[in-house]
Amino acid sequence: MLKKLFVVGTVFASLSIGNSTIAAEIESETTVTNISSLSEVSSLTSGISGETSGKKIKCSSKVKARNPIFGSPTSATATSSAAVEDTISAKVRVYSSKGGLKGQKTDSQKNSTYAGATYTDKSNNIPATAFGNQTYVKKSYKTVVHETKDKF
């Protein structure tokens with residue numbers, strides 16, 4: 001199931017120079033993509049100002065839950081990748097079969113193409129679900145937010 005929610009907002013900023021005030025209007029737009037059953041998703045973020053109008057950047061998000069039979073403990077990794085973004089972040093949240101949060105990790109990078117976060121569960125109880133929350137922010141482009149999900 002793919003749900004999209006578009007939020008358009010206007011931010012007013014003012015700058016005081018001596019006795020005069022200059023007001024500037026800055027547009028921002030956010031696209032929230034809720035992917036409740038997919039472990040990987042890609043989408044395009046579009047330019048919203050004159051200089052970026054018509055330009056698009058591909059954003060790819062992924063979460064992977066691992067439950068090895070031998071060796072390493074269970075872990076979940078959320079990754080975000082795109083062209084250079086002002087801010088790119090990945091957050092992984094791991095839940096037990098009863099719905100309780102077992103743990104989470106976050107990675108946020110500035111002026112980067114990649115962010116990744118891994119949570120490792122060293123308990124003997126196997127987690128049930130891993131969620132990834134990925135965010136892509138670039139000036140004059142839509143802000144894109146993905147949510148991905150994987151089961152152990």
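**Exercise 1. Describe the salt bridge of Asp121, and say whether each partner is buried or partly exposed.**

Asp121 forms a salt bridge with Lys102, and the closest N and O atoms of the pair are 3.1 Å apart. A salt bridge here is a side-chain nitrogen of Lys or Arg within 4 Å of a carboxyl oxygen of Asp or Glu. The model is predicted, so that local features need pLDDT of at least 70 and side-chain atom pairs count only at pLDDT 80 or more, while totals for chains, interfaces and linings use all residues. Residues are numbered from 1 along each chain as its sequence is written, and side-chain values use heavy atoms, with hydrogens and water left out.

Next comes burial, where buried means under 20% relative accessible area, exposed means over 50%, and partly exposed lies in between (1.4 Å probe, protein chains only). Asp121 has a relative accessible area of 6% and is buried, whereas Lys102, with 26%, is partly exposed.

The last step is the setting of Asp121, which lies in strand 6. Leaving aside neighbours within four places in sequence, Asp121 is in contact (heavy atoms within 4.5 Å) with Pro73, Thr74, Lys102 and Pro127.

**Exercise 2. Find how many salt bridges the whole structure holds, and work out which strands the pair Glu147 and Arg93 ties together.**

A search of the whole structure finds 2 salt bridges. In one of them, the side chains of Glu147 and Arg93 meet with an N to O distance of 3.3 Å. Glu147 lies in strand 8 (residues 143-151) and Arg93 in strand 5 (residues 74-95), so the pair ties together parts that are 54 residues apart in sequence. As general background, side chains of opposite charge can pair when their charged atoms come close.

Turning to accessibility, Glu147 counts as partly exposed at 21%, while Arg93 is buried with a relative accessible area of 15%.

**Exercise 3. List the elements of the protein, and then identify which of them supply its largest nonpolar core.**

The protein has 0 helices and 8 strands, where helices (H or I, at least four residues) and strands (E, at least two) are DSSP runs, numbered from the N terminus. Buried residues make up 36% of the 152 residues.

The largest nonpolar core has 18 residues, and those with the most contacts inside it are Ala82, Val92, Val94, Ala130 and Tyr136. Such a core is a set of buried Ala, Val, Leu, Ile, Met, Phe, Trp, Tyr and Cys residues joined through side-chain atoms within 4.5 Å. Two or more residues of this core come from each of strand 4 (56-66), strand 5, strand 6 (101-121) and strand 7 (129-137), and strand 5 gives the most, with 7 residues.

To follow one core residue further, Ala82 touches Ile57, Lys58, Cys59, Ile88, Thr113 and Tyr136, not counting residues up to four places away in sequence.

**Exercise 4. Locate Asn111 and Ser140, which have a positive phi, and state whether each is buried or exposed.**

The background is that most residues other than glycine have a negative phi. Asn111, which is not a glycine, has a positive phi of about 50°; the residue is placed in strand 6, and at 57% relative accessibility Asn111 counts as exposed.

For Ser140, also a residue other than glycine, phi is near 70°. Ser140 sits in the loop between strand 7 and strand 8, and with a relative accessible area of 16% Ser140 is buried.
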